[in-house]
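Student: I have a new structure open and I'm not sure how to read it. Could you walk me through some of its features?

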Amino acid sequence: MHTIAVLALHQVIPFDLSTPIEVFTRTRLPDGRPGYRIRVCGEQPEIDAGTFTLRAPWGLEGLEGADTIIVPGTAAPAAPLSPAVRDALRVAAEDGTRIASICTGTFVLAAAGLLDSLRATTHWIAAELLATAHPDVEVDPAVLYVDNGQILTSAGAAAGLDLCLHMIRRDYGSAVAADAARLSVMPLEREGGQAQFIVHDHAPTPQGSVLEPLLTWLQDNLGRDLTLADIAARAGTSTRTLIRRFREQTGTTPLQWLHGARIRRAQHLLETTHHSVERIAAQVGFGSPTAFRDRFKRTTGVSPHTYRRTFG
């Protein structure tokens with residue numbers, strides 16, 4: 001039987017902790033046998049879980065001999081990692097143990113040096129912090145999970161379910177994973193990634209900058225067919241100077257900023273109106289519904305119809 005050690009650290013997020021426990025303990029093989037044995041481990045016997053305190057049946061010794069170690073997220077991802085936990089995870093990695101994280105548990109793996117030069121994800125709201133704190137990690141905030149073989153990471157909250165189901169499919173095949181998905185009332189594979197959940201009411205506008213009036217004008221004119229020359233003329237500058245200022249103050253190009261603002265406006269319209277996709281495409285400045293659908297899916301990972309079905 002496959003043994004999974006779930007490592008609960010202080011300030012563990014209860015949802016992230018319960019996800020692997022529930023999913024894996026419910027998993028049954030075709031002959032009815034359980035597929036997994038679960039150990040809940042902690043550095044200390046008592047663990048602060050925010051709204052309650054829990055007692056872990058296993059200490060760090062419970063990581064030894066496990067086939068998989070899962071690190072749930074914590075409410076304090078930037079907290080220093082203790083040498084004991086760091087060393088235990090490194091030893092497990094050297095022994096070939098599969099190690100996975102859920103949500104901000106990715107920070108623990110990064111602090112242990114297990115994600116250097118690897119692609120990884122975390123909850124989208126913590127992705128920038130992860131990239132800043134651990135520049136050797138290639139952070140991808142748009143996906144639900146990343147499988148590097150031995151090391152796996154997931155995004156936040158429900159993405160932990162996606163990762164657990166993925167590991168079950170790796171271990172026992174699609175039929176067992178599909179049964180586990182039904183028990184979890186989850187699709188075995190969700191369409192799109194984390195990008196569809198990252199929504200801003202407005203594109204970022206650097207207040208007080210020389211671009212602020214221009215960006216406000218762009219927000220008010222998303223439905224127009226604007227070219228780079230049009231935007232430069234409005235700004236009263238050359239296209240070359242405009243591109244340089246945009247990169248300095250927004251980190252992107254004028255047209256990329258415009259496309260992002262259009263998609264954010266489209267998300268808002270899909271959520272709050274019954275307008276057709278064709279009408280929304282025109283409202284946000286796309287020349288054709290096909291171009292709009294292509295750009296929307298590239299940005300969010302899902303089609304406009306799927307986005308509306310999910311969030312409308």
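Tutor: Sure, let's begin with a pair of helices. In this predicted model, the axes of helix α10 (residues 254–272) and helix α13 (residues 304–311) cross at roughly 55 degrees and come within 8 Å.

Student: What do I call α10 relative to α13 at that angle?

Tutor: The general idea is to sort the angle into a class: 65 to 115 degrees is roughly perpendicular, under 35 roughly parallel, over 145 roughly antiparallel, and the rest oblique. The angle here is roughly 55 degrees, so α10 is oblique to α13. The crossing of these two helices is also right-handed.

Student: Which residues of α10 and α13 meet?

Tutor: On the α10 side you'll find Q267, L269, L270 and E271, and they meet P304, Y307, R308 and F311 of α13. Sorted by kind, the residues of this contact are five nonpolar, two charged and one polar.

Student: Now for another helix. How do the axes of α12 and α13 cross?

Tutor: Read this pair in the same way. Helix α12 (residues 289–300) and α13 have axes that cross at roughly 60 degrees and come within 9 Å. That angle falls outside the other classes, so α12 is oblique to α13. F292, R293 and F296 of α12 make the contact with P304, H305 and Y307 of α13. Here the residues divide into four nonpolar, one polar and one charged.

Student: Let's turn to the strands. What is the order of the strands in the open sheet?

Tutor: When you read a sheet, follow it from one edge to the other. This open sheet has six strands in the order β2-β1-β5-β6-β10-β9, and the pairing is mixed.

Student: Why is one side of β2 and of β9 left without a neighbour in the sheet?

Tutor: Look at the partners. β2 (36–42) and β9 (145–147) stand at the edges and each has a single partner strand, so one side of each has no neighbour in the sheet. As you step from one strand to the next, the twist averages 15 degrees.

Student: How many bridges join β9 to β10?

Tutor: Three bridges do, and β9 and β10 (residues 151–154) run antiparallel. To see the pairing residue by residue, find V146, which stands opposite T153 in β10.

Student: Which strands does helix α5 touch?

Tutor: Helix α5 (residues 159–172) packs on the sheet and touches β1 (2–8), β2, β5 (68–71), β6 (98–101), β9 and β10. Its direction makes about 150 degrees with that of β10.

Student: Now some single residues. Is I125 buried or exposed?

Tutor: The idea is to compare relative accessibility with a cut-off: over 50% is exposed. I125 has 64%, so it counts as exposed. You'll find I125 in the loop between β7 (119–120) and α4 (127–133).

Student: And what about E212, in which helix is that residue found?

Tutor: E212 is in helix α7 (residues 212–220). With a relative accessible area of 28%, E212 is partly exposed. Sequence distance and spatial distance are worth reading together here: E212 and Q249 are 37 residues apart in sequence and 9.8 Å apart in space, C-alpha to C-alpha.

Student: Last one, the whole chain. How many helices and strands are there?

Tutor: The protein chain has 13 helices and 10 strands. Of its 312 residues, 48% count as buried. Along the principal axes, the C-alpha trace spans about 65 × 40 × 35 Å.

Notes
Residues numbered from 1 in each chain as written. Predicted model: local features only at pLDDT ≥ 70, side-chain atom pairs only at ≥ 80, totals over all residues. Heavy atoms only, no water. Helix = DSSP H or I, 4+ residues; strand = E, 2+ residues; numbered from the N terminus. Buried < 20%, exposed > 50% of the residue type's maximum accessible area, 1.4 Å probe, protein only. Pairing = 2+ DSSP bridges. Axes fitted to C-alpha atoms, helices over the stretch in contact; angles between N-to-C directions. Contact = heavy atoms within 4.5 Å. Left-handed = near helix turned anticlockwise from the far one by under 90°. Nonpolar A, V, L, I, M, F, W, Y, C, P; charged D, E, K, R; others polar.
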